[in-house]
Amino acid sequence: MALSALDLFSIGIGPSSSHTVGPMRAARQFAESLAADGLLDAVARVKSELFGSLGATGAGHGSDKAVILGLQGEDPETVDPDAADAQVEEAVAGRKLRLAGTRVVEFDRAADVVLHRRRSLPAHPNGMTFTAYDAGGSPLRESSSYSVGGGFVVPAEEAEQTAGDAAGATGATDATEPTDATEPGTAGGGQIPYPFSSGAELLTRCREAGTSIAGVMLANELTWWSEAELRAALLRIWAVMQECVENGCTSTEERLPGSLLVRRRAPGLRRRLRAAEAARAAEGTPDADPLWAMEWVNLYALAVNEENASGGRIVTAPTNGAAGILPAVLHYFTRFVPGADDDAVVDFLLTAAAIGILFKTNASISGAEVGCQGEVGSACSMAAGALCAVLGGTPEQVENAAEVGIEHNLGLTCDPVGGLVQIPCIERNAIASVKAINAARLALAGDGDHRVSLDMAIKTMRDTGADMKAKYKETSRGGLAVNVVEC
């Protein structure tokens with residue numbers, strides 16, 4: 001099954017696509033399966049168990065809350081972020097769970113949502129098991145699944161078969177990323193006109209079709225959607241990105257949730273930037289600061305990731321932990337580049353999605369599997385290539401920009417302090433956004449001919465992730481997570 005751009009970009013809530021969005025989807029699917037098979041009325045209790053990275057950092061990532069919301073029928077795209085905490089608190093205090101939104105069952109949070117901090121399921125670090133029991137305590141159904149990054153959920157049997165096949169083929173002992181058979185899986189199994197599984201193949205398809213990377217993606221997307229439907233969906237993604245920036249800039253919340261008490265910076269930063277902008281306009285020196293655009297890029301990224309950290313509405317791009325990078329670079333393009341319009345926004349997102357698909361299918365976008373290089377690194381690469389494309393780059397220059405974007409994030413660890421998607425995650429998005437813009441400009445200065453290919457860099461990222469110690473892969477047991485003292 002081929003992936004769609006609308007698989008890579010989905011609307012959800014923070015703070016994590018793999019730890020919040022994925023578990024909510026998986027829990028909802030489990031509840032819906034009980035209803036579909038006529039078992040709902042027999043259920044007296046449901047137990048949810050989170051393993052590996054989900055267990056180690058699930059409390060800080062809101063995984064336990066996400067499971068409760070999902071079991072009650074909530075979906076990441078439509079759940080009300082402002083009411084989510086109250087809904088969870090009601091279930092906990094009342095000791096009742098409204099399964100699939102209808103069936104009321106007994107609920108004991110401590111006993112029924114278990115975070116296994118040192119146990120893992122075999123195919124991926126983000127494993128979950130849901131078990132429904134009848135009134136006599138006998139199991140009615142047990143189901144395991146994996147949240148493999150970006151909000152994608154894979155049933156256990158598919159993930160473990162994929163991992164077994166990969167290990168048998170390579171002699172490896174570690175599980176590898178499941179590929180196509182994933183949720184949300186909106187794209188289906190249509191036969192696309194320009195299939196590609198590598199950067200080299202993608203460039204070949206561009207040459208064959210005489211079109212851009214966005215043009216190849218558009219032709220493939222028309223397998224599942226009309227052009228009007230796709231355009232509307234992508235512009236909706238862009239609208240939510242813009243709303244997220246605005247929410248982050250106008251929030252009255254002084255500090256982010258959690259024990260770190262991190263101060264929100266975006267509201268104050270925008271006030272300062274606007275004041276400076278007005279003063280320079282009055283003085284007739286609007287271009288006095290040569291790095292003025294970078295100040296705004298930093299703001300856009302900070303605003304998105306502060307919203308993500310507070311559980312706000314977010315676009316997974318390709319994950320929540322890296323959700324600020326594409327919006328920041330796209331805001332840069334629409335604000336500072338003359339001639340930017342909706343057509344270019346669509347091309348930007350299609351190009352970014354093509355690059356993201358390469359990471360998803362050939363390596364991983366899961367911090368729990370390959371470290372933050374799979375999240376911030378992938379997003380930086382996607383944004384760099386997409387910006388290069390809308391600035392007039394050839395497919396070869398776009399591939400070069402994408403390679404530069406990931407090459408200089410190789411080895412990036414995922415070590416969130418306190419298990420929260422705050423330090424170093426928020427600033428890291430700002431740094432990577434500026435890096436993506438620089439990568440695009442470097443590629444545009446050349447002719448697309450370069451020594452290290454995007455495929456080589458993606459393979460290196462995958463291999464580096466396999467070699468990386470588990471304590472640096474979203475477990476909060478290494479790096480900054482242990483060297484920064486929580487106050």
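## Cavities, cores and hairpins in a predicted model

About 160 Å³ of space lies in the largest cavity of this predicted model, which holds 2 cavities of 30 Å³ or more. The largest cavity is lined by 18 residues, and those closest to its centre are Gly321, Glu375, Cys414, Val421 and Cys425. Two or more lining residues come from each of helix H2 (17–36) and helix H18 (425–444).

Glu375, one of the residues closest to the centre of that cavity, is also a contact of Thr319, which, with neighbours within four places in sequence left aside, further touches Ser17, Gly150 and Ile365. Thr319 sits in the loop that links strand S9 (313–316) with helix H13 (325–336). Is this loop residue buried or exposed? Thr319 counts as buried because its relative accessibility is 1%, and the cut-off for that class is under 20%.

The largest nonpolar core has 109 residues, among which Phe9, Leu326, Phe348, Leu349 and Leu387 touch the most other members. Helix H14 (residues 342–362) supplies the largest share of this core, with 13 residues. For Phe348, the contacts beyond its neighbours within four places in sequence are Leu326, Val329, Leu330, Ala383, Ala386, Leu387 and Val390. A second core, separate from this one, comprises 30 residues, including Met24, Leu34, Ala66 and Ala132.

Ala132, a member of the second core, also takes part in strand pairing, with Arg141 in S7 as its bridge partner. Strand S7 pairs in the antiparallel sense both with S6 and with S8, and the two hairpins are set side by side below.

| Hairpin | Strands | Bridges | Residues between strands | Positive phi |
|---|---|---|---|---|
| S6 and S7 | residues 127–133 and residues 139–147 | 7 bridges | 5 residues | Gly137, about 90° |
| S7 and S8 | residues 139–147 and residues 153–155 | 3 bridges | 5 residues | Gly149, near 110° |

In the hairpin of S7 and S8, the bridge partner of Ser145 is Pro155, which belongs to S8.

As to confidence, the mean pLDDT of the protein chain is 93, and 94% of its residues reach 70 or more. Residues 169–189 have a pLDDT below 50, although this stretch has 56 contacts in the model beyond near neighbours in sequence. Where pLDDT is low, predicted coordinates should not be read in detail.

Key:
Residues are numbered from 1 along each chain as its sequence is written. This is a predicted model: local features need pLDDT of at least 70, side-chain atom pairs count only at pLDDT 80 or more; totals for chains, interfaces and linings use all residues. Side-chain values use heavy atoms; hydrogens and water are left out. A nonpolar core is a set of buried Ala, Val, Leu, Ile, Met, Phe, Trp, Tyr and Cys residues joined through side-chain atoms within 4.5 Å. Buried means under 20% relative accessible area, exposed over 50%, partly exposed in between (1.4 Å probe, protein chains only). Helices (H or I, at least four residues) and strands (E, at least two) are DSSP runs, numbered from the N terminus. Contact means heavy atoms within 4.5 Å. pLDDT is the predictor's confidence in each residue, from 0 to 100. Two strands pair if DSSP finds at least two bridges between them. On a 1 Å grid over the protein atoms alone, a cavity is a set of points where a 1.4 Å probe fits but cannot get out, and a pocket is an open set with protein on both sides within 12 Å along at least five of seven lines; lining residues have an atom within 4 Å of a point. Grid points are joined across faces, edges and corners, and a volume is the space filled by probe spheres set on the points.
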